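Here's a walk through this model, helix by helix, with a few residues picked out along the way. Keep the viewer open while you read.

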Amino acid sequence: MRSNGGDNNRSPSSQPRFHSTVAEHKLRRFNSLILLFRLASFSFSLSSSIFVLTNTRGSDSPHWYHYETFRFVLAANAIVAVYSLFEMGASVWEISRGATLFPEVLQVWFDFGHDQVFAYLLLSASAAGTSMARTLREMDTCTASNTFCVQSDIAIALGYAGFLFLGFTSLLTGFRVVCFIINGSRFHI
């Protein structure tokens with residue numbers, strides 16, 4: 001009997017998988033799209049935070065920190081901006097290195113779970129801000145200080161835009177989770 005050097009004794013799962021360059025380009029484009037959505041979410045959330053934070057005109061004008069709702073809008077947008085900044089770094093790492101920052105199973109579930117939680121946080125903060133802005137308009141606060149209300153409206157709209165892009169990211173990371181579950185290992189498109 002001849003021995004083949006033990007090559008036939010290896011299981012198919014221990015042999016390295018073949019990745020075509022087409023699949024690698026698709027994966028890189030997919031990750032680049034996620035990075036683009038994360039950048040947009042970061043930009044809108046940071047802008048919303050800045051608009052809320054700078055929404056103080058004079059001593060006779062209302063101040064954002066007098067309203068619990070606007071403090072919530074500021075906190076939610078700031079949290080999402082920091083999270084998006086971290087995730088942009090992780091995305092750049094994955095695109096440039098071809099590997100996830102954390103072990104892949106952890107990274108896939110971390111991204112999806114946190115995208116969901118922070119998207120809902122942003123949506124609830126923006127909805128609460130919308131309700132407060134409507135209440136301020138009904139109380140004639142906006143006739144006395146129109147710039148305060150306009151800047152509040154802009155901050156809330158930017159928060160909704162941040163939610164929209166974080167929602168798109170959440171859809172993509174959800175797709176990534178499903179592909180990971182189906183394939184059982186490295187994410188493939």
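Let's start with helix α5, residues 146-183, in what is a predicted model. At 1.5 Å a residue, its 38 residues should span 56 Å, and the end C-alpha atoms sit 55 Å apart, which agrees. Right behind α5 comes Gly184, with a positive phi near 75°.

The other two helices with length checks give similar reading. Here they are side by side with α5.

| Helix | Residues | Number of residues | End-to-end C-alpha distance | Expected at 1.5 Å a residue |
|---|---|---|---|---|
| α2 | 68-97 | 30 residues | 43 Å | 44 Å |
| α3 | 104-138 | 35 residues | 51 Å | 51 Å |
| α5 | 146-183 | 38 residues | 55 Å | 56 Å |

So what follows α2 and α3 in the chain? Just after α2, Gly98 takes a positive phi of about 75°. Just after α3, the residue with a positive phi is Asp140, at about 65°.

**The whole chain**

Zooming out, the protein chain holds five helices and zero strands. If you read along the sequence, the pattern is simply α-α-α-α-α. Of the 189 residues in the chain, 40% are buried.

**How α3 packs against α5**

Now look at α3 together with α5. Their axes come within 8 Å and cross at roughly 155°. An angle over 145 degrees counts as roughly antiparallel, and α3 and α5 are therefore roughly antiparallel to each other. The crossing of this pair is left-handed. Sorted by class, the residues where α3 touches α5 come to 20 nonpolar, 11 polar and six charged.

Phe180 is a handy residue to click on here, as it lies in helix α5. Is Phe180 buried or exposed? Its relative accessible area is 11%, and since buried means under 20%, Phe180 counts as buried. You can also find Val108 from there: Phe180 and Val108 are 72 residues apart in sequence, yet their C-alpha atoms are 7.9 Å apart in space.

**How α2 packs against α3**

α3 has a contact with α2 as well. The axes of α2 and α3 come within 9 Å, again with a crossing of roughly 155°. That makes α2 roughly antiparallel to α3. The crossing of α2 and α3 is left-handed. In this contact, the residues break down into 17 nonpolar, six polar and three charged.

Two residues are worth a click for this part of the model. His114 is in helix α3. With a relative accessible area of 29%, His114 is partly exposed. How far is the C-alpha atom of His114 from that of Val80? The two are separated by 9.9 Å, although they sit 34 residues apart along the chain.

The other residue is Ala78, which has its place in helix α2. Ala78 counts as partly exposed too, at 32% relative accessibility. The C-alpha atoms of Ala78 and Leu46 are separated by 6.3 Å, with their positions 32 residues apart along the chain.

**What the record says about the membrane**

Last, the annotation. The unreviewed UniProt entry puts "transmembrane region" on residues 35-54, 74-96, 117-136 and 156-182. How do two of those spans look in the model? Residues 117-136 are 100% helix and 0% strand, and the end C-alpha atoms of that span lie 29 Å apart. Residues 156-182 are likewise 100% helix and 0% strand, with end C-alpha atoms 39 Å apart.

Key. Residues numbered from 1 in each chain as written. Predicted model: local features only at pLDDT ≥ 70, side-chain atom pairs only at ≥ 80, totals over all residues. Heavy atoms only, no water. UniProt positions renumbered as here; feature names shortened; annotations may be inferred. Helix = DSSP H or I, 4+ residues; strand = E, 2+ residues; numbered from the N terminus. Expected span 1.5 Å × (residues − 1). Axes fitted to C-alpha atoms, helices over the stretch in contact; angles between N-to-C directions. Parallel < 35°, antiparallel > 145°, perpendicular 65-115°, else oblique. Left-handed = near helix turned anticlockwise from the far one by under 90°. Nonpolar A, V, L, I, M, F, W, Y, C, P; charged D, E, K, R; others polar. Buried < 20%, exposed > 50% of the residue type's maximum accessible area, 1.4 Å probe, protein only.
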